[in-house]
Amino acid sequence: MSCHDEDCTTDHGPAGQSKLESFLFSCELSSKVPFYTFQGDEEEDLEHFLELRTICLGEGAKEESNVVEVTAMNHQGKTVSVPIANLHISCLPMVSLGEFELKAPVTIRLKAGTGPVTVSGLHLIASEVEESDNMSDDEDDDEDEEEEITPIKPAKKKQ
């Protein structure tokens with residue numbers, strides 16, 4: 001199995017909201033390595049999400065069904081396993097999942113078949129933006145505005 005996390009983009013939310021960073025995610029499942037568990041870091045103020053985008057058969061895939069399932073927690077905190085793709089080289093070698101987002105931990109498993117199957121998407125990290133950071137940005141903006149304002153001179157009085 002190969003797994004890659006590369007910096008993709010950084011989005012900054014509005015003041016008082018969360019900051020969202022996204023990284024490229026990819027793993028390859030096969031009969032030799034039939035599962036991958038996505039964990040994320042254990043930092044308190046960070047939330048890790050896995051947004052699955054595509055699942056496709058790799059070079060050398062056989063004429064067989066390759067079933068991929070994910071195991072993650074539902075809204076009640078119970079672990080649930082769900083098949084998300086049934087790929088076959090002759091009729092469905094790839095499936096696009098759109099933006100299928102799951103909160104870590106997530107296990108992706110090759111339930112049937114020998115692969116290779118590549119799963120790709122985004123590793124999303126949400127963190128709270130501290131108000132002190134926002135305040136310093138706002139103060140900088142205010143200072144810039146003050147520098148741009150020219151003083152108004154009083155009109156000359158007629159005598």
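**Notebook: salt bridges, strands and cysteines**

I looked up the salt bridges and found that the structure holds three. The model is a predicted one, and I read each pair with that in mind.

*Entry 1, Glu47 and Lys103.* I noted a salt bridge between the side chains of Glu47 and Lys103, with an N to O distance of 3.0 Å. Glu47 belongs to strand β4 and Lys103 to strand β7, so this pair ties together parts that are 56 residues apart in sequence. I then checked cover: Glu47 is partly exposed at 36% relative accessibility, and Lys103 is partly exposed at 47%.

*Entry 2, Glu69 and Arg109.* I recorded a salt bridge at 3.9 Å, N to O, between the side chains of Glu69 and Arg109. Glu69 sits in strand β5 and Arg109 in strand β8 (residues 106–112), so the pair ties together parts 40 residues apart in sequence. Glu69 counts as buried because its relative accessibility is 10%, under the 20% limit. Arg109, at 29%, counts as partly exposed.

*Entry 3, Glu51 and Arg53.* I found the side chains of Glu51 and Arg53 meeting in a salt bridge at 2.5 Å, N to O. Glu51 is buried at 6% relative accessibility, while Arg53 is partly exposed at 30%.

*Entry 4, the overall layout.* I counted one helix and nine strands in the protein. Along the sequence the pattern reads β-β-β-β-β-β-β-β-β-α. Of the 159 residues, 32% count as buried. I also looked up the accessible surface, which comes to about 10,900 Å², with 49% of it belonging to carbon and sulfur atoms. Among contacts with a separation of 6 or more, 74% are between residues 24 or more positions apart.

*Entry 5, the open sheet.* I traced an open sheet of four strands in the order β3-β8-β5-β6, with antiparallel pairing. β3 (35–38) and β6 (79–87) stand at the edges with a single partner strand each, so one side of each has no neighbour in the sheet. Neighbouring strands here are turned by 20 degrees against each other on average, direction ignored. Strand β5 (residues 66–73) is joined to β6 by eight bridges, running antiparallel. One residue I followed was Val68, whose bridge partner in β6 is Ala85.

*Entry 6, strand β9.* Which residues make up strand β9, and how many of them are buried? The strand covers residues 117–128, and 10 of its 12 residues are buried. I then listed pairings of β9. Strand β2 (residues 18–29) is joined to β9 by 12 bridges in the antiparallel sense, and Lys19 stands opposite Ser127 of β9. Strand β4 (residues 46–57) also pairs with β9 in the antiparallel sense, over 11 bridges; there Leu52 has Gly121 as its bridge partner.

*Entry 7, Leu102.* I picked Leu102, which lies in strand β7 (residues 94–103). Leu102 is buried at 13% relative accessibility. Leaving aside neighbours within four places in sequence, Leu102 is in contact with His48, Phe49, Leu50, Leu52, Val70 and Ala72. The C-alpha atoms of Leu102 and Ala72 are separated by 7.2 Å, the two residues being 30 apart along the chain.

*Entry 8, cysteines.* How many disulfides does the rule give? With a cut-off of 2.5 Å between cysteine sulfur atoms, the count comes to zero. I also looked up cover: Cys27 is buried at 0% relative accessibility, whereas Cys91 is exposed at 61%.

Terms used
Residues numbered from 1 in each chain as written. Predicted model: local features only at pLDDT ≥ 70, side-chain atom pairs only at ≥ 80, totals over all residues. Heavy atoms only, no water. Buried < 20%, exposed > 50% of the residue type's maximum accessible area, 1.4 Å probe, protein only. Helix = DSSP H or I, 4+ residues; strand = E, 2+ residues; numbered from the N terminus. Contact = heavy atoms within 4.5 Å. Pairing = 2+ DSSP bridges. Axes fitted to C-alpha atoms, helices over the stretch in contact; angles between N-to-C directions. Areas by Shrake-Rupley, 256 points an atom, 1.4 Å probe, with all protein chains shown as cover. Salt bridge = Lys/Arg side-chain N within 4 Å of Asp/Glu carboxyl O.
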